[in-house]
Amino acid sequence: MAYLIHLAILISIYAILGLSLNLVVGYTGLLSVAEAAFYGIGAYATALLLVGLGWNFFIAMIVGMVLAGVIALLIGLVLSKFDGDYYALASLGFGVIVYSIFLNWQGLTNGPLGIPGIPRPNLFGFAFSDNFSFLLLSVVFVLLAYAVSQFVVNSSFGRVLKAIREDEKATQVFGYKTLNYKLTIFVIGAMLAALAGSLYAGYITYIDPSTFTVTGSIFIIAIIILGGLASLRGSLIGAVLLVLLPEFLRFVGFPDEIAAQMRQAVYGLLLILLMLYRPQGLVGEYKL
Amino acid sequence: MSVIPQLVVNSLIAAGTYALIAIGFNLIYGATKFFNMAHGVMAAIGGYTVFFLMTTYAGTNVIIAAILGVLVAGAIGWGLDRIIYRPLRKRRASNMVLLVASLGAFTIIQAVIAMIFTSQFQTLSGAASEKVYAIFGASITETQVIILASAVLVFVLLSLFLKVTMFGKQVRAVSDDEEVAWIAGINTEKIIGWIFFIGSAIAGLGGVLIGFDTGLQPTMGLNLLLKGVIAAIVGGIGSIPGAILGALLLGFAENFGIWKISGEWKDAIAFGLLILFLIFRPKGIIKS
């Protein structure tokens with residue numbers, strides 16, 4: 001049971017990441033490979049404020065989200081000059097830069113050793129110290145993220161995003177300042193990713209740079225492509241499947257290191273098979 | 001003693017390795033117009049093939065092992081095209097689909113290498129003691145001389161090959177316009193298969209040499225890919241001389257960039273250069 005709760009918490013965290021990335025990739029058509037960077041910014045901001053300054057988790061979470069949003073605004077200004085595969089490449093570049101800051105800014109992030117001893121969240125004296133209460137907290141945040149995403153994509157703002165995805169030039173001709181739309185959704189996506197990062201830091205209580213690599217970004221891309229681009233339901237389905245799928249490998253009885261690599265190989269294989277046979281994913285409404 | 005000569009030598013060596021990746025990348029991009037994210041991992045395949053031969057069959061001739069390493073990398077590159085990219089091209093899949101599929105291929109190959117050879121750092125050693133040469137107060141090892149010579153040789157031979165042979169003309173025709181080349185009676189799929197073989201083999205050569213110079217790690221492919229792509233874009237995407245120019249600029253920028261600051265920031269400098277070029281000169285030094 002404890003194990004199932006653990007998996008459910010991981011699924012919740014990845015579901016938020018999937019929702020966040022789907023707004024950018026699925027609804028707006030911008031293939032961002034920098035998701036792990038914002039995930040990491042949220043996690044590091046939370047960890048540092050909690051461990052270093054003893055702040056409350058929820059305030060640290062908000063600060064982390066605002067910080068990720070500001071950084072996303074700056075990065076988004078540069079990224080908005082590109083589209084298609086150049087966008088993917090440039091965002092990958094930012095992903096690597098942010099990762100190398102986590103890894104090399106020893107004075108702030110403690111480098112490759114990471115930050116241990118992050119306290120569990122605490123709200124008005126109630127500590128989410130056991131995993132079941134943490135799961136409830138995570139589910140609340142998934143519902144919040146889902147509600148925000150649904151509101152965004154169903155609003156007139158969301159319709160402009162889809163128009164940008166289908167034809168940016170034409171959307172501009174109709175008088176929409178597409179730059180503002182692309183920046184806004186990128187910032188919203190980054191803030192949701194930072195939220196997931198805070199939850200991760202608060203749950204695992206230890207973070208190091210290895211969670212926030214390019215491979216991490218590829219994993220989240222795999223989630224939304226498997227579940228389906230431009231489908232919020234798809235993000236949830238993708239997170240459930242991709243978190244559970246490799247757990248079966250564990251039962252087959254491979255040693256830990258092999259199992260970890262096997263998991264990577266499975267994600268890679270899934271991406272290829274999806275591209276070959278079902279590029280819109282399971283319930284997607286848009287294909288790359 | 002001045003450090004300038006050593007910085008220049010280091011820059012040239014770095015440029016040599018980047019060029020070996022960028023040349024193949026540009027060759028493949030020229031013909032297929034997609035960012036092949038699995039290109040860097042071809043270098044790891046080359047290096048690890050040599051490592052495998054020299055550890056399992058003690059006393060294997062270094063030259064023979066190196067040639068086999070290059071051929072295996074080429075063959076796997078060809079195989080990926082055959083199994084994944086060709087069917088996608090046939091379906092007129094977008095560049096993004098090809099990019100995501102190649103990300104999948106990259107993830108699988110990297111994981112498989114780590115499963116077979118562990119994630120540990122490995123070194124290739126040829127001669128018992130390596131000769132070190134001194135020029136203008138800077139030192140350079142024999143392997144590093146071979147890296148420089150290989151980069152120059154590959155560039156000259158490939159340029160000549162593309163210019164004078166019938167096959168080279170067909171390659172250029174495919175790069176100009178695949179459809180027209182096909183109508184003119186060129187077996188474009190066969191030519192693209194060869195392009196993948198040659199490009200991957202050159203990357204494999206790079207991987208073998210890097211194995212002898214600094215060592216091997218399963219994750220080396222991503223870093224090499226990123227540097228190769230940066231060199232390719234900065235120099236001029238799809239252009240072979242551009243790959244050389246871009247590699248030189250990147251090698252010098254990185255090594256002079258870390259003159260006064262810590263060496264870990266090389267990656268950040270490289271991506272800084274990429275982003276500057278993407279903003280101000282997106283077509284690179286040589287516009288093709």
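User: Let's start with A:Val63. Is A:Val63 buried, partly exposed or exposed?
Analyst: Keep in mind that this is a predicted model. A:Val63 has 18 other C-beta atoms within 10 Å. Being buried takes 20 or more, while being exposed takes 12 or fewer. The count for A:Val63 sits in between, so the label is partly exposed.

User: Which residues does A:Val63 touch, leaving aside its neighbours within four places in sequence?
Analyst: First, place the residue: A:Val63 is part of helix 3 of chain A. Once the neighbours within four places in sequence are set aside, the contacts of A:Val63 are A:Ala45 and A:Leu49.

User: And how far apart in space are A:Val63 and A:Gln150?
Analyst: Along the sequence, 87 residues separate A:Val63 from A:Gln150. Going C-alpha to C-alpha through space, the gap is 24 Å.

User: Helix 3 of chain A packs with helix 9 of chain A, so how far apart are their axes?
Analyst: Two packed helices are described by an angle between axes and a distance between axes. Here helix 3 covers residues 57-79 of chain A and helix 9 covers residues 178-204 of chain A, and the angle is about 145°. The distance between their axes is 7 Å.

User: Which hand does the crossing of helix 3 and helix 9 of chain A have?
Analyst: Picture helix 3 of chain A passing helix 9 of chain A. That crossing is right-handed.

User: Which class of residue has 16 members where helix 3 of chain A meets helix 9 of chain A?
Analyst: On the helix 3 side you'll find A:Phe57, A:Ala60 and A:Met61, among others, and the helix 9 side includes A:Leu183, A:Phe186 and A:Val187. Sorted by class, the contact has six polar residues and one charged residue. The class with 16 is nonpolar.

User: Zooming out, what pattern does chain A follow along its sequence?
Analyst: Chain A has 12 helices and two strands. Write α for each helix and β for each strand, and the order reads α-α-α-α-α-β-β-α-α-α-α-α-α-α.

User: What is the radius of gyration of chain A?
Analyst: The globule rule gives 19 Å for 288 residues, and chain A comes close to that, so it is as compact as a globular protein of that length. Its C-alpha atoms fill a box of roughly 55 × 45 × 35 Å along the principal axes. The radius of gyration of chain A is 18 Å.

User: What share of chain A counts as buried?
Analyst: Chain A has 288 residues to sort. The share counted as buried is 51%.

User: Is A:Phe151 buried or exposed?
Analyst: A:Phe151 sits in helix 6 (residues 131-154) of chain A. Around A:Phe151 there are 11 other C-beta atoms within 10 Å. The cut-off is 12 or fewer, so A:Phe151 is exposed.

User: Now chain B: how many helices does chain B have?
Analyst: The pattern along chain B is α-α-α-α-β-β-α-α-α-α-α-α-α. Its two β entries are the two strands. The helices of chain B number 11.

User: What percentage of the residues in chain B are buried?
Analyst: The radius of gyration of chain B is 19 Å, close to the 19 Å from the globule rule, so chain B is as compact as a globular protein of its length. Its C-alpha trace spans about 60 × 50 × 35 Å along the principal axes. Out of 288 residues in chain B, the buried part is 54%.

User: In the hairpin of chain B, which residue in the turn has a positive phi?
Analyst: Strand 1 (residues 132-135) and strand 2 (residues 138-141) of chain B run antiparallel and are joined by four bridges. In this pairing, B:Ala134 stands opposite B:Ser139. Two residues lie between the strands, and the one with a positive phi, about 50°, is B:Phe136.

User: Last one: which helix gives the largest share of the side of chain B that touches chain A?
Analyst: The contact takes 33 residues from chain B and 31 from chain A. Elements giving two or more residues on the chain B side are helix 3, helix 4, helix 9 and helix 11. By class, that side has 27 nonpolar, four polar and two charged residues. The largest share, 15 residues, comes from helix 4 of chain B.

How values were computed: Residues are numbered from 1 along each chain as its sequence is written. Chains are lettered from A and ligands numbered from 1 in the order in which they are written. This is a predicted model: local features need pLDDT of at least 70, side-chain atom pairs count only at pLDDT 80 or more; totals for chains, interfaces and linings use all residues. Axes are lines fitted to C-alpha atoms, for helices over the stretch in contact, and angles run from 0 to 180 degrees between N-to-C directions. A crossing is left-handed if the near helix is turned anticlockwise from the far one by less than a right angle, and right-handed if clockwise. Two residues are in contact if their C-beta atoms, placed from the backbone, lie within 7 Å. Ala, Val, Leu, Ile, Met, Phe, Trp, Tyr, Cys and Pro count as nonpolar, Asp, Glu, Lys and Arg as charged, and the others, Gly among them, as polar. The radius of gyration is taken over C-alpha atoms; the globule rule is 2.2 Å times the number of residues to the power 0.38. Two strands pair if DSSP finds at least two bridges between them.
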